[in-house]
Every structure is written in structure tokens, then in C-alpha cells.
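Let's take a friendly walk through this structure by way of its aromatic rings. Have the model open and follow along.

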Amino acid sequence: MTMNINFEVPEEPPVESPEKVWELQCRLDALAQELYGVRNPLITLNPPIFTDDPNAPQVGFSKGGAHAELTRKAANDWSFCIYQLSHETIHLLDPRRRPPYGKGANYLEEGVAVEFSLLVTKQIAPEFITLGTGPESLKYKEAKNRLIKIGIKDFHGKLKAMRDRAGHFADVSSDIVQLIAPSCKGKNATKLTESFYT
């Protein structure tokens, strides 16, 4: 699986290149929509911000819109910026607040976000280090590994079909997973549809 995205990484760090970060966000958004269907038209995509919030990277909300909130590490390193922004771009297709304020994502959505960000980062910034080994990183690895079990043949097409059928990655049921990706069944299909936050 490869991604087709063109972006020239500038010399200046992301925090000093807001127009290039926004350009990257728009290119990622276009690619995500091409692969997985249109972004929720009721929520405006706003430029990303860099924050010291310990929950970042995450999706942030403002009146009528949503944006990616990226870490200070991403502010100073294009590899981290590309990875984090790619990941949050998937969540920005249909932004939802995390529990306890909203439903948040399931393992399927997190798996899509991880896979998308790894593929994009590999193309634009191949020197980037892969996922870490901390407890939270292990959950993301699990989401990615479970997602891959839908099968690589027409991988993105299956994911688009699941999102189209459910309306949102986080609303995909295990029945939908098994219907569209029959090779992914039982416990794996069920786990993909569970909340990522439990």
C-alpha cells in the first residue's frame, strides 16, 4: 500500500512555516477524502495549531470548526508534524470529542489513522522513527495490526465502503466489518468496533 502525496519539506521548522503546515493539511485532507470519502461538510476544517496540551496530538474544536492540535515536538520537527497531522486528518473527516464529552474513536478509526499516517510519513519523511513502545503506543499498534486483518486487497476501498455504510468510522459495526471484509471475523471484527478509550 502506498500513498500518492507531493509535499516538499521546507528548511524552516513547522512552527515558523504556518503556510506550509496549512498546505500540508489541505493535501492530506484531499488525499483522505479521495481514499475514504468526503469530510463532514457541516464542520469547517481550520488550520492546525501547536500546543503544550498533554493530550495532544488530538482534534480541537472551535465554533463551527475543528483543527489538529499538534505537540511542541511537531512544531520543531517536520517528521513528527507530518506523522501527527496525517493521523489527526483521519479524525478530522468526522470530528468527535473524546469521552467523557463524546463517543470518540474506535479501534478501526485509530487503526486507519495510524496506517494512513505511517504510509504518508514514509513517503514524505522516510527517516521518521516508527511507533514507540510505551503502553499507549502498544494500543495504537494493536489497532493497526487488527485493521490489517481486513486484507490488503482493495484495502482503502474496503475502508471507504465501511465508512460509507456506517456514516463514520467509529460507527462501523462488526457486522459491517465482516460483510465488507469477510477475512476479518469473530473477535478481531468485534475488537475493531470497540471504543479505543476503554
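What follows looks at ring pairs, their surroundings and the charges over them.

Keep in mind that this is a predicted model. Searching the whole structure turns up six aromatic pairs. Start with tyrosine 36 and phenylalanine 116: their ring centres are 6.3 Å apart and the planes meet at 65°, so this pair is edge-to-face. Tyrosine 36 belongs to helix H1 (residues 18–36) and phenylalanine 116 to helix H4 (residues 107–124), so the contact ties together parts that lie 80 residues apart in sequence. Are these two rings buried or exposed? Tyrosine 36 has a relative accessibility of 1% and therefore counts as buried. Phenylalanine 116, at 0%, counts as buried too.

Now stay with helix H4 and find tyrosine 107. Tyrosine 107 forms an edge-to-face pair with phenylalanine 196, with 5.1 Å from centre to centre and 65° between the planes. This pair also links distant parts of the chain, since phenylalanine 196 sits in the segment after helix H8 (186–192), 89 residues from tyrosine 107. Tyrosine 107 is buried, with a relative accessible area of 3%, and phenylalanine 196 counts as buried at 4% relative accessibility.

These two rings have further company: ring pairs join Tyr107, Tyr140, Phe196 and Tyr197 into a cluster. Phenylalanine 196 has a charged neighbour as well, with lysine 139 lying over the face of its ring, 4.5 Å from the ring centre.

For a last stop, turn to phenylalanine 169. The charged end of arginine 163 sits over this ring, 5.9 Å from its centre.

Key
Residues are numbered from 1 along each chain as its sequence is written. This is a predicted model: local features need pLDDT of at least 70, side-chain atom pairs count only at pLDDT 80 or more; totals for chains, interfaces and linings use all residues. Side-chain values use heavy atoms; hydrogens and water are left out. Rings of Phe, Tyr and Trp (its six-membered ring) pair if their centres lie within 6.5 Å; planes under 30 degrees apart count as stacked, over 60 as edge-to-face and the rest as tilted. Helices (H or I, at least four residues) and strands (E, at least two) are DSSP runs, numbered from the N terminus. Buried means under 20% relative accessible area, exposed over 50%, partly exposed in between (1.4 Å probe, protein chains only). A charge sits over a ring if NZ of Lys or CZ of Arg is within 6 Å of the ring centre and within 35 degrees of the ring normal.
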